[in-house]
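Here are some exercises to work through with the structure open beside you. Try each task yourself before you read its solution.

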Amino acid sequence: MERVTAWLQEKNPGLDGPIDADEDLIEARLIDSMDFLEFIDLLEDLSGTPIDLQEVTIDDFRTLARVRERFLTPAG
């Protein structure tokens, strides 16, 4: 998660303080449509697994907690 939060901080240099795990990243405009594919590439790199856009919803990317659960926690 450190690389994810570092990426978000880099994309939002005016951001003060840590990002809460339950903060809505989309509503807070921490991820926008221009950066979304780069964010997916980062998650694929970190997880070592391709993300099939047919199998995910926008809610899978909405909070850090959901990103961790959906993409960065080993199944099982």
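**Exercise 1.** Which residues does V4 touch, not counting residues up to four places away in sequence?

*Solution.* Keep in mind that this is a predicted model.

Step 1: Find V4 in helix α1.

Step 2: Leave out the sequence neighbours and list the contacts of V4: F39, L42, L43, L46, L64 and L72.

Step 3: Look at one of these partners, L64. V4 and L64 are 60 residues apart along the chain, yet their C-alpha atoms are separated by 8.4 Å.

Step 4: Check the accessibility of V4. Its relative accessible area is 0%, and buried means under 20%, so V4 is buried.

**Exercise 2.** Find the residues of the largest nonpolar core that touch the most other members, and say which helices supply the core.

*Solution.* Step 1: The core has 18 residues, and those touching the most other members are L8, F39, L43 and F61.

Step 2: Now turn to the helices. At least two residues of this core come from each of α1 (2-11), α2 (36-47) and α3 (64-72).

Step 3: The most is given by α2, which provides five residues.

Step 4: Pick L43 and follow its contacts. Leaving aside neighbours within four places in sequence, L43 meets V4, I51, F61, V67, F71 and L72.

**Exercise 3.** How do the axes of α1 and α2 cross, and which residues make the contact?

*Solution.* Step 1: The two axes come within 11 Å, and the crossing angle of α1 and α2 is roughly 160 degrees.

Step 2: Angles over 145 degrees count as roughly antiparallel, so α1 is roughly antiparallel to α2.

Step 3: The crossing in which α1 passes α2 is right-handed.

Step 4: On the α1 side, the contact is made by R3, V4, W7 and K11. On the α2 side, E38, F39, L42, L43, D45 and L46 take part.

Step 5: Sort these residues by class. The contact of α1 with α2 has six nonpolar and four charged residues, and no polar ones.

**Exercise 4.** Now do the same for α2 and α3: at what angle do their axes cross, and which residues make the contact?

*Solution.* Step 1: The axes of α2 and α3 come within 10 Å and cross at roughly 50 degrees.

Step 2: An angle under 35 degrees would count as roughly parallel, and one from 65 to 115 as roughly perpendicular. The angle here fits neither range, so α2 is oblique to α3.

Step 3: This crossing of α2 and α3 is right-handed.

Step 4: From α2 come F39, L43, L46 and S47, and from α3 come V67, F71 and L72.

Step 5: By class, the contact of α2 with α3 has six nonpolar residues, one polar residue and no charged residues.

**Exercise 5.** Are N12 and D35 buried or exposed?

*Solution.* Step 1: Locate the residues. N12 lies in the loop between α1 and α2, and D35 lies in the loop between α1 and α2.

Step 2: N12 has a relative accessible area of 15%, so N12 is buried.

Step 3: D35, at 15% relative accessibility, counts as buried.

Step 4: Look for their partners, again setting aside residues up to four places away in sequence. N12 touches R29 and L30, whereas D35 is in contact with W7 and K11.

Conventions: Residues numbered from 1 in each chain as written. Predicted model: local features only at pLDDT ≥ 70, side-chain atom pairs only at ≥ 80, totals over all residues. Heavy atoms only, no water. Core = buried A, V, L, I, M, F, W, Y, C linked by side-chain atoms within 4.5 Å. Buried < 20%, exposed > 50% of the residue type's maximum accessible area, 1.4 Å probe, protein only. Helix = DSSP H or I, 4+ residues; strand = E, 2+ residues; numbered from the N terminus. Contact = heavy atoms within 4.5 Å. Axes fitted to C-alpha atoms, helices over the stretch in contact; angles between N-to-C directions. Left-handed = near helix turned anticlockwise from the far one by under 90°. Nonpolar A, V, L, I, M, F, W, Y, C, P; charged D, E, K, R; others polar.
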